[in-house]
Structures are given as structure tokens and as C-alpha cells.
Amino acid sequence: MESFISELQVRWSDLDPNVHLRHSVYYDFAASSRIGFLEKFGLSTGTMQQLGIGPILFREECLFKKEIRLHDKVTIDLVLVKARRDFSRWSIRHNIFKNSDILSAIITVDGAWLDTSLRKLAVPPQEVKDVFSMMPLATEMEWLS
């Protein structure tokens, strides 16, 4: 896949007392982007429940570059940066842009899949692997052993 880009709406409730985007909203935007990607390719939350699997995060990091304000147009992309070949572990990076071309934040998450019955880390079923294999790859993509 070439790219996956989502447009986001900044709401009044997303702002802090300095009238720019609250730090936690950046993380919410990234989570929304990841879930949007999964759902677009048929891996809805309902499907994950049926499969008994769910994504979990070990690390979530944001580098803040430029402030985002109420009337800025916001877009976010998504690329796979690292993964095991079975997609049991992975790292995804998001770039958040304002007004089309100003990089405002870079969010990186490291995650895995949880067997929701056993409450243990698991290799995901084929349905998950099929969706993750469609994720855009970072230019520096690294396959983990």
C-alpha cells in the first residue's frame, strides 16, 4: 500500500489553556488512525472480539514539533517501522501534519497482540496478518527476528 492518511477535526475540547492541542489528543489521534486502518481493511473491533485477539501497546512516544490550533487542518499518516514476520510484535509511526505540509508531531508506538481469553501475548490469526501485510512500510522498515 502506498499511503494511509486520515483527516482529523480539532474540537474546542481538544485545546489546553494555551489554546493549542492538548498533548494527550495527539495520542488519541494516532489511536484513531490505527483503528481506522484496521477497520478499513476489515479488522473491526467486533471482528477482533470474535477472533479473541486485541492490540496492546508497550510504548507510545510523541515528539512535538509545531503547535496545532483550533482552525488548523490536521492530517495523520501511518507506516510500519518494525515488525516480526508473523506480526506478533510491531512498531508503527505516525506523522501529524497541520495545514498539509507542516510536521507537527511524530508518534511512535510499539505493540503486540493479546489473546483476550488467555490474557497472554499471542501470534495473531491469519486475518490479522493479512491486514497488517497491507500496511504502508517506512523507508527504513526493519523485519525483526
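**Surroundings of D72, the nonpolar core and the strands about β5**

Apart from its neighbours within four places in sequence, D72 is in contact with V10, E67, K98 and N99. In this predicted model, D72 belongs to the loop that runs between β2 (53-64) and β3 (74-77). What is the nearest side chain of opposite charge to D72, and how far away is it? That side chain is K98, at 4.1 Å, and D72, although buried, has no salt bridge. The cut-off helps here: a salt bridge requires a side-chain nitrogen of Lys or Arg within 4 Å of a carboxyl oxygen of Asp or Glu.

Polar partners of D72 can nonetheless be named. The side chain of D72 makes a polar contact of 3.2 Å with the side chain of N99, and a polar atom of the D72 side chain lies 2.7 Å from the backbone nitrogen of R69. R69 in turn uses its side chain in a salt bridge with E67 (3.7 Å, N to O). Both members of that pair are partly exposed, E67 at 35% relative accessibility and R69 with a relative accessible area of 38%. H71, also in the loop between β2 and β3, counts as exposed because its relative accessibility is 76%.

Across the whole structure, a search finds five salt bridges. One of the pairs is D110 with R59, whose side chains meet at 2.7 Å, N to O. This pair links distant parts of the chain, with D110 in strand β6 and R59 in strand β2, 51 residues apart. R59 is partly exposed, with a relative accessible area of 33%, and it joins E61 and D110 in a network of salt bridges. Another salt bridge brings together the side chains of R11 and D14 (2.8 Å, N to O). Is D14 buried or exposed? With a relative accessible area of 1%, D14 is buried.

Attention now turns to the strands. Eight of the ten residues of β5 are buried, so this strand is largely enclosed by the rest of the structure. Strand β5 runs antiparallel to β3, to which three bridges join it, and T75 stands opposite F97 of β5. Four bridges connect β5 with β4, again in antiparallel fashion; here L80 has I92 as its bridge partner in β5. The hairpin formed by β4 and β5 has four residues between the strands, and F87 in the turn has a positive phi of about 60°. With β6, β5 shares ten bridges, and the two run antiparallel. R93 is paired with T108 in β6. In the hairpin of β5 and β6, three residues lie between the strands, and N99 takes a positive phi near 50°. N99 is also the residue whose side chain makes the polar contact with D72.

The largest nonpolar core holds 35 residues, of which L80, I96, W113 and F132 touch the most other members. At least two residues of this core come from each of α1 (23-40), β2, β3, β4 (79-84), β5 (89-98), β6 (102-115) and α3 (126-132). Which element supplies the largest share of the core? It is α1, with six residues. Leaving aside neighbours within four places in sequence, F132 is in contact with L38, L80, F87, W90, I92 and W113. F132 and the loop residue H71 are 61 residues apart along the chain, and their C-alpha atoms are separated by 33 Å.

Key:
Residues are numbered from 1 along each chain as its sequence is written. This is a predicted model: local features need pLDDT of at least 70, side-chain atom pairs count only at pLDDT 80 or more; totals for chains, interfaces and linings use all residues. Side-chain values use heavy atoms; hydrogens and water are left out. Buried means under 20% relative accessible area, exposed over 50%, partly exposed in between (1.4 Å probe, protein chains only). Lys and Arg count as positive and Asp and Glu as negative; His and the chain ends are not counted. A polar contact is a pair of N or O atoms within 3.5 Å; within protein, one must be able to donate a hydrogen and the other to accept it, and residues adjacent in sequence count only if both atoms are side-chain atoms. Contact means heavy atoms within 4.5 Å. A nonpolar core is a set of buried Ala, Val, Leu, Ile, Met, Phe, Trp, Tyr and Cys residues joined through side-chain atoms within 4.5 Å. Two strands pair if DSSP finds at least two bridges between them.
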